[in-house]
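Dear colleague,

Please find the structure below, followed by a summary of what was found in it. I would be grateful if you could read the two together.

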Amino acid sequence: MKDVTSPHFNKGTLPLAFVFSVPGAVELREKKPVAGDTGMNLTLALRFLVSKEPNLFTSSDRYGYRISNAFDEPMAASLKSGASEAKASQILEPGNVKRVVEELQGCGLVVLCGRKAQLLTKEIERAGMTVVHAWHTGNRALIAKYQGEDVARASTALARQELRAQEWAKDLLVAIRAVRAA
């Protein structure tokens, strides 16, 4: 397995993985995954998760965890790739599935963030890993999902972002408990 961090992959040291859809222009520029708002939202959520489940979430540093993407080639309108998301056929292409499964080896729990990542559920479960589904942590997804009164009353954009990330984290904990109980 790779020992390097790239726009689509971070090895981390913890046996828990997050899989997103595809790296974008920010990830390409920063040469690491979830480098923009998606990553900031993940960090905000991890701060909450560490306080609620410290035995499972042992670090609030997102790069302590394994991070991968359902498709490894950066895509964004600004990159002239013609799309900002990979097609299902690209994600489920056997060589791509093999890459993802190999990158996740050693992780007992894999959090698939968003519909594109969730296309890989069966293949990752077949490899013996426990899978949990979560919303993508990008701003667009979190704003669409979490619009409650508490969020609306928050006085700043950062406060709203923190509340949405916390709600995402609560939903993730519910999903993890459901998988553990099954």
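**Helix packing and the largest pocket**

Helices α2 and α9 lie oblique to each other, in what is a predicted model. The reason is the angle of about 60 degrees at which they pack, since angles of 65 to 115 degrees would count as roughly perpendicular and those under 35 as roughly parallel. Helix α2 covers residues 37-52 and helix α9 residues 157-181, and their axes are 8 Å apart. The crossing of α2 past α9 is right-handed.

On the α2 side, the contact is made by D37, M40, N41, L42, L44, A45, F48, L49 and K52. Their partners in α9 are Q161, E162, A165, Q166, W168, A169, K170, L172 and L173. Eleven residues of this contact are nonpolar, three are polar and four are charged.

I turn now to the largest pocket, which holds about 910 Å³ of space. Its lining has 29 residues, of which S21, E85, H136, G138 and R140 are the closest to the centre. Helix α2 appears here too: α1 (25-30), α2, α5 (115-118) and α7 (139-145) each contribute at least two lining residues. By type, the lining comprises twelve nonpolar, eleven polar and six charged residues.

With kind regards

Notes: Residues numbered from 1 in each chain as written. Predicted model: local features only at pLDDT ≥ 70, side-chain atom pairs only at ≥ 80, totals over all residues. Heavy atoms only, no water. Axes fitted to C-alpha atoms, helices over the stretch in contact; angles between N-to-C directions. Helix = DSSP H or I, 4+ residues; strand = E, 2+ residues; numbered from the N terminus. Parallel < 35°, antiparallel > 145°, perpendicular 65-115°, else oblique. Left-handed = near helix turned anticlockwise from the far one by under 90°. Contact = heavy atoms within 4.5 Å. Nonpolar A, V, L, I, M, F, W, Y, C, P; charged D, E, K, R; others polar. 1 Å grid on protein atoms, 1.4 Å probe; cavity = no way out; pocket = protein on both sides within 12 Å on 5 of 7 lines; lining within 4 Å. Points joined across faces, edges and corners; volume = space filled by probe spheres on them.
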